[in-house]
Amino acid sequence: MIDARGPRWSAGLTSIVLIVALITRSPIIIILQLVQFGIAAFAGPPNSPYAWLYKNLVQPRLSKNFESEPVRPVQFAQLVGFIFASLATIGALSHVWLLFTIATSFALFAAFLNSAFGYCLGCKMYLLGVRFRSV
Amino acid sequence: MNSIAIVGGVLVLATAYGLWDRKRTGRINEKIDSRHLVNPSEIGSELGESATILQFSSAFCTPCRATRSTLSSVVSHYPKIKHVEVDAESNLDLVRRLDIRQTPTTLFLNSDGREIARAVGAPKRQQVINALERI
């Protein structure tokens, strides 16, 4: 169980980073975001750099009473982000800017929804994925 | 300029989708095309005497927990109604037959196990009470 505000704050920071990446077309920025997604997806969201920032800079200033939530839905969403950021990185490094723009836009769409609305990507995608995989 | 327009477009689309999804989520729909029948053996539990609330959950679903506590607290006031929660992933045949596409999805079954309403997403307490009063 983790502080439910953490993933939403991280998704907000992710949205900002992705907006900067889209505008600057900087491979470095999308790679940094790819690393963040990768650590969160494979080592767990609490071990990621954004979670470290949240714990040290943001959480101490917030209320001690907070809702907690399970970590696996968050981790699933980070894996989806990792896949889009991988495609975006391939696009940026090979100068296929259409691929970069589409993949980054999808990642921004999901990160913004998560941050602004608390959108649960795992709820919508996971079951459809399982149903599709094992037809 | 071009990339700023893309960022704006993505944010507008995500906001529109988020507002639409928020409005729709958890709404209890009683206009069901196909009237599914659920057998007690399929859900590993007896049906409630007058009705059963069948909740499909998954591990990657944040609002499933809130839905569980809403439904079990409402049901505690109705001795003849039972709340049954099943893991969607380990009941894929049932999930396909009932066309469950995301979690949480809640089915309202009458005493025969026939589906009479369903809610996709976390339903609100008052929505559940209203639906039960009509059964």
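Helices here are DSSP runs of H or I with at least four residues, and strands are runs of E with at least two. The model is predicted.

Me: How many helices and strands does chain A have?
Reply: Read along the sequence, chain A follows the pattern β-α-α-α-β-α-α-α. Each α in that pattern stands for a helix and each β for a strand. The count for chain A is 6 helices and 2 strands.

Me: What is the radius of gyration of chain A?
Reply: The globule rule gives 14 Å for 135 residues. Chain A comes close to that value, so it is as compact as a globular protein of that length. Its radius of gyration is 15 Å.

Me: What share of the residues of chain A counts as buried?
Reply: A residue is buried if 20 or more other C-beta atoms lie within 10 Å of its own. Of the 135 residues of chain A, the share that counts as buried is 43%.

Me: Is Leu53(A) buried, partly exposed or exposed?
Reply: Leu53(A) sits in helix α3 (residues 49-58) of chain A. The cut-offs are 20 or more other C-beta atoms within 10 Å for buried and 12 or fewer for exposed. Leu53(A) has 15 within 10 Å, which means that it falls in between and is partly exposed.

Me: Which residues have the most contacts inside the largest nonpolar core?
Reply: This core has 61 residues. One of the residues asked for, Ala85(A), touches Ile30(A), Gln33(A), Leu34(A), Phe37(A) and Ala107(A), not counting residues up to four places away in sequence. The residues with the most contacts inside the core are Ala85(A), Ala88(A), Ala107(A) and Leu108(A).

Me: How far apart are the end C-alpha atoms of α5(A)?
Reply: The helix α5(A) has 21 residues, and the expected span is 1.5 Å times one less than that number. This gives 30 Å, and the distance in the model agrees with it. The end C-alpha atoms of α5(A) are 29 Å apart.

Me: Which residue with a positive phi follows α5(A)?
Reply: The helix α5 of chain A covers residues 97-117. The residue that follows α5(A) has a phi near 65°, and it is Gly118(A).

Me: How many residues on the side of chain A that touches chain B are nonpolar?
Reply: The contact takes 27 residues from chain A and 26 residues from chain B. On the side of chain A, α1 (5-24), α4 (72-93), α5 (97-117) and α6 (121-133) each supply at least two residues. The residues of this side include 4 polar and 4 charged, and the nonpolar ones number 19.

How values were computed
Residues numbered from 1 in each chain as written. Chains lettered and ligands numbered in written order. Predicted model: local features only at pLDDT ≥ 70, side-chain atom pairs only at ≥ 80, totals over all residues. Contact = placed C-beta atoms within 7 Å. Nonpolar A, V, L, I, M, F, W, Y, C, P; charged D, E, K, R; others polar. Rg over C-alpha atoms; globule rule 2.2 N^0.38 Å. Core = buried A, V, L, I, M, F, W, Y, C linked by C-beta atoms within 7 Å.
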